[in-house]
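Reader: I would like a close look at one helix and its surroundings. Please keep it brisk.

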Amino acid sequence: MGEQPGRHTSFYELAEAQEQAGCPICRLAERRTERYLDSLLYEAVLDASVRERLTASHGFCAAHVALLRQRPGRSLGIALIYQSILARMTELIDAGELVRGSLRDRLRGRRASGATLAERLCPQEQCPACTIHREAEESYAGLLASCLNDERLYLAYAEGDGLCLPHLAMALEQVPDPKALERLVQPQLARYRAMLSDLSEYIRKCDHRFRSEPFGSEGDVWLRAMNALAGGAGMGSSAKHGSRRAQDLSAPH
Ligand SMILES: [Zn+2]
Ligand SMILES: [Zn+2]
């Protein structure tokens, strides 16, 4: 392992996250994004230039707005950011002129177009939380791929819930050698096979002839299978952790 700053901390975070429900990369990327949002919203209260920067992206995307709705402790920062954005939009729309179209268009009765104004209302930058999230995903997936030859991390990964499909693909892109590739792929194949067998059992028990048989650990496999494919922080994908959204994401880290 290299000695870049923060790499040891990230390694231990990665090892620890294997023991919790769902994809560890989803969990750690979300945690890093939450920390970023916390400090950004704190700074936004104190610093007008931080608020100004956020007008280019029109604040945050719908997914991160949904996350921020759960953080009332940062509401002043949010109010100040969106005050700047809304003031800018009001100015733009108020000053915008409709393009009236050519004489021929007007003779044909075509309406004036708002396309030019619509273009000006498009965000100039991506949601900053999405950018941080993407960088965190890439960095944790790369770290996992490069550290799978470490026995401790490998065993924790092999016993954990494994990666969601998008993060498996991301780790595969960064895998350094055949041994690490094998260590990444084989536990995941075992998880998929176990889930396939649970799905068969679940589907069998849905048949009216077997309705009297109670569901066992396969009872939530339809949820676990969706979690394993789509990912999502805290979404369990093994029978051990179950399928519901884990609450421990909001616990203090
Ligand atoms: Zn994931
Ligand atoms: Zn976003």
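Author: α11 has 29 residues, and at 1.5 Å a residue they should span 42 Å. Its end C-alpha atoms are 42 Å apart, which agrees. (The expected span is 1.5 Å times one less than the number of residues; helices are DSSP runs of H or I, at least four residues, numbered from the N terminus.) This is a predicted model: local features need pLDDT of at least 70, side-chain atom pairs count only at pLDDT 80 or more, and totals for chains, interfaces and linings use all residues. Residues are numbered from 1 along each chain as its sequence is written, while chains are lettered from A and ligands numbered from 1 in the order in which they are written.

Now look inward. The buried residues of α11 are A180, R183, L184 and D198. (Buried means 20 or more other C-beta atoms within 10 Å of a residue's own, with C-beta atoms placed from the backbone.) They pack against α8, α9, α10 and α12.

α11 also helps build the largest nonpolar core, supplying at least two residues. (Such a core is a set of buried Ala, Val, Leu, Ile, Met, Phe, Trp, Tyr and Cys residues joined through C-beta atoms within 7 Å.) That core has 28 residues. L14, I25, Y140, L144, A145, L148 and A171 touch the most other members. α1, α2, α8, α9 and α10 each supply at least two residues too. The largest share, 7 residues, comes from α8. Apart from this core lies another, of 9 residues, among them L37 and L68.

Definitions and conventions:
A residue is buried if 20 or more other C-beta atoms lie within 10 Å of its own, exposed if 12 or fewer, and partly exposed in between; C-beta atoms are placed from the backbone. Two residues are in contact if their C-beta atoms, placed from the backbone, lie within 7 Å.
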